[in-house]
Amino acid sequence: MSSRPGERFRPFKLTCKIRPPVVLAHPWVCLDGILTHVMSRRNRGEAFYTQNPHIANREKHYYNGMCMPLKQFFDVYHSSIAFFNIPYDTLSYTKFYKRFYEQDSHLVGTSQKSIQIGRGPFCAQQIEIPSLPATECYFYGFGDIEKVADLMHHVPGIGKKVAVGCGSIFKFSIEEIERDFSFIKDGVAMRPIPCKYHFDSAENMMIAYKPPYWDCASGGNVGLCVKPGAKLTDIRHSWLRNNNVSVN
């Protein structure tokens, strides 16, 4: 008889060796966001690239129905943010240049005789994005280690601009650990934790706490949360005892 999914769930630590810099468009990179991205790409196939995600989100939330290999606490997955081997005070900015290549003009479906590069979709730009010179990061989680490892083989990198080599993963390892640190470790939040589940700190803020993290406009995944890295001051839920989490 095969075991049920929950019976295979174990606490783990995922470590990734990455090529610097890691380009960040958001303060935190969340493991559940990475895994749902990969699973959505698998499930939707070519539609993942051709269908407008905002339209898909209005018609039917395209993350619905996916069986995540992670334990859930209400609507929050047991997965931490990425912790880098470089502190955030080393944050700098990396410049990227976007420009239109004339040799590709024949690929543009337009009847115009000229292509505007000073404005519009083909506008030439210089973009500065925050980045970290990190060479390693790790996540905590609680779930099916084998399935998480399988999904991670399809993750090319961490952060943005992976297509040009930034934050690309060249090696990763995943190991089982004794305790679940995906929510809290030593009394510190390891991920955004909604205050509505009886958690509190002196550093609460309105942020997304579940995938898709980019979809903040609809408000369905945004709430008042203990932000990652904050010291928790009020924890009353029995979940802590059931998961043997220390808050001292």
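Let me start in the loop between β1 and β2 (22-23), where Pro21 lies, and where the peptide bond leading from Pro20 to Pro21 is cis, with omega near 0 degrees. Please keep in mind that what we are looking at is a predicted model, with a mean pLDDT of 82 over the chain and 79% of its residues at 70 or more. A cis bond also joins Pro211 and Pro212, with omega about -5 degrees, and Pro212 sits in the loop between β14 (204-208) and β15 (222-226).

As a general reminder, most peptide bonds are trans, and most residues other than glycine have a negative phi. Two residues here have a positive phi without being glycine: Phe74, near 55 degrees, and Lys161, near 60 degrees. Phe74, in the loop between β3 (72-73) and β4 (76-77), is exposed at a relative accessible area of 53%, whereas Lys161, in the loop between α4 and β9 (169-176), counts as partly exposed at 32%.

Turning to the interior, the largest nonpolar core has 28 residues, and Ile18, Phe84, Phe139, Met152 and Ile158 have the most contacts inside it. Two or more residues come from each of β1 (9-18), α1 (31-44), β8 (136-144) and α4 (145-152), with α1 giving the most, namely five. Beyond its neighbours within four places in sequence, Ile158 touches residues including Ile18, Val22, Phe84 and Phe139. A second, separate core of 25 residues includes Cys30, Ile81, Phe83 and Ala189.

Finally, a word of caution about residues 58-62, where pLDDT stays under 50 and for which the model has nine contacts beyond four places in sequence.

Definitions and conventions. Residues are numbered from 1 along each chain as its sequence is written. This is a predicted model: local features need pLDDT of at least 70, side-chain atom pairs count only at pLDDT 80 or more; totals for chains, interfaces and linings use all residues. Side-chain values use heavy atoms; hydrogens and water are left out. A nonpolar core is a set of buried Ala, Val, Leu, Ile, Met, Phe, Trp, Tyr and Cys residues joined through side-chain atoms within 4.5 Å. Buried means under 20% relative accessible area, exposed over 50%, partly exposed in between (1.4 Å probe, protein chains only). Helices (H or I, at least four residues) and strands (E, at least two) are DSSP runs, numbered from the N terminus. Contact means heavy atoms within 4.5 Å. pLDDT is the predictor's confidence in each residue, from 0 to 100.
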